[in-house]
Amino acid sequence: MTVTIHPDIARRLFDGVAAVHFGADSATLLNAQGETLAIGEAPLPPVVVNQPSLQPASAALGDSVTVNLGSATGRPAPEVAWQLTLNGASVTERVDEFMAIELSEPGLYELLVTWTNINGTTETEIIGLLVEQAVARDIDYTQALLYIDASTPIEGTDSAVTAINAIGAAQARLIATGSGNPVQRNEQGFVFDNGIWLQSQNLTNLAAGDGVFAVVDFTVTAAATSGGQVLNGAGSRISFSNEAGQLRASAADDTNLNVNAGATPYGTRVVLAGRIDDLLDSFDLINAAGATVATSFVNTDPNPTRFNCGRYLIGTIHRIAIFGRSEGGA
C-alpha cells in the first residue's frame, strides 16, 4: 500500500488511542520519526473454543437434530465453513433455516467445521452420528386371541382350503362355510372370490373384558354382490368391510357403531385397525389414510363369541390379528 505522510498533525491528537485497525486488521500507528503512537494487537490464527455437535446425540431414524457449529476465536475474527455428509455424500442443503435436519435415512452422518482468517485455518474434530435402520420387534402372536397369515396351518389344499387352524388363545378353527368358489391360499395370504368363506366355532371365556383390538391387512380386488366382509363375527366384535366402494369399520357391544374408514383402493393393500376400549368407552380406528379417529362408544365387558372372514369378499386377506385385554389386565 502507498504510505502517505502528514507532517502537520499534532501528536496530542493521538493521546488515548488504544487500538488502530485497517479494515478488519489490527495495525501499529507510528509518527513520521518512527515512534510508536499505538501498538496493534498481534494477529492470531483461529482457536476452537466450543466443538460443534449434532443434538441430541441419541437421535434415531425419523428424529430431527440441530446442527451446532460451535465457536472459535482469532484476530481477525475467523469465518466458519461447514459441511454435513451422509455416508460421505453432502446433505448440507437439507439443513433448514433453523439449522435442523430430519434423519430420514439410516447411515453415518458427519459434521465437519473449519474456521479461517488471514492467519490460518483450523479444522474441528469430525462429529459423527450413526443412525441405524429401525428393526421391528418380534410380536408373540401366541398372546393374541387369533392370528392368521399365509403360513398359518390349513386343512384341505392351497387351491381349496377347508379350515385354518389359527394361532392364539382362542384356539379358533376357521372352517370353510357356504358354497361357491373355494378359498385359496398363496404366498400373499387367503384369496376369496365371493363364494366360500371361513367361520370359527363358538368361543367362550375369551380374555377381552376390558377391551379388544383387531388389525386387518388385506386387498380388495373388486366389489362383490354384497358388502365384502374382511372380518366379522358374533358377540362383542370389531368388523371391517367394503361397502359399495367405501371401507367401513364397525363396533358391536351394548350398541352398534359404524365409522367410515376411507374410500376402497381396489387392488391396493390396506391396513386397518380398530379398538373397543371398555375403560374409556370409546371405539378407536386407524383408517386407510393412517389417521386415528376416536368415537364415543359405550360398552360393557366386550365378549367375542365367534370370528369369521371373507364373506362376500373378492380379494385377499393377508393377515388378521385380534388381541384382547383381560378384565383388570394390561
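Let's start with empty space: this predicted model holds one cavity of 30 Å³ or more. The space inside that largest cavity comes to about 60 Å³. Its lining is made up of Val-212, Ala-214, Leu-231, Asn-232, Ser-236, Arg-237, Ile-238, Pro-304, Phe-307 and Ile-322. Sorted by character, these residues are seven nonpolar, two polar and one charged. If you trace the strands, S22, S23 (228–235), S24 and S30 (304–309) each bring at least two residues to the lining.

Ile-322 is a handy guide from here. Besides lining the cavity, Ile-322 reaches Ala-144, Leu-145, Leu-146, Val-212, Phe-213, Ala-214, Leu-231 and Phe-307, once neighbours within four places in sequence are set aside. Ile-322 also belongs to the largest nonpolar core, which has 44 residues; together with Leu-146, Phe-240, Phe-283 and Ile-320, it touches the most other members. The biggest contribution to this core comes from strand S22 (residues 211–222), with five residues. Elsewhere there is a second, separate core of 19 residues, with Ala-59, Ala-72, Tyr-109 and Trp-115 among them. As a rule, nonpolar side chains in soluble globular proteins tend to be buried together.

What about a polar residue? Take Asn-242, found in strand S24 (residues 237–243). Asn-242 counts as buried because its relative accessibility is 4%, and the cut-off for buried is under 20%. Its side chain makes a polar contact of 2.6 Å with the side chain of Thr-264. A polar atom of the Asn-242 side chain also lies 3.5 Å from the backbone nitrogen of Gly-245. Leaving out residues up to four places away in sequence, Asn-242 touches Val-220, Ala-223, Gly-227, Gly-228, Leu-247, Thr-264 and Tyr-266.

Key:
Residues are numbered from 1 along each chain as its sequence is written. This is a predicted model: local features need pLDDT of at least 70, side-chain atom pairs count only at pLDDT 80 or more; totals for chains, interfaces and linings use all residues. Side-chain values use heavy atoms; hydrogens and water are left out. A nonpolar core is a set of buried Ala, Val, Leu, Ile, Met, Phe, Trp, Tyr and Cys residues joined through side-chain atoms within 4.5 Å. Buried means under 20% relative accessible area, exposed over 50%, partly exposed in between (1.4 Å probe, protein chains only). Helices (H or I, at least four residues) and strands (E, at least two) are DSSP runs, numbered from the N terminus. Contact means heavy atoms within 4.5 Å. A polar contact is a pair of N or O atoms within 3.5 Å; within protein, one must be able to donate a hydrogen and the other to accept it, and residues adjacent in sequence count only if both atoms are side-chain atoms. On a 1 Å grid over the protein atoms alone, a cavity is a set of points where a 1.4 Å probe fits but cannot get out, and a pocket is an open set with protein on both sides within 12 Å along at least five of seven lines; lining residues have an atom within 4 Å of a point. Grid points are joined across faces, edges and corners, and a volume is the space filled by probe spheres set on the points. Ala, Val, Leu, Ile, Met, Phe, Trp, Tyr, Cys and Pro count as nonpolar, Asp, Glu, Lys and Arg as charged, and the others, Gly among them, as polar.
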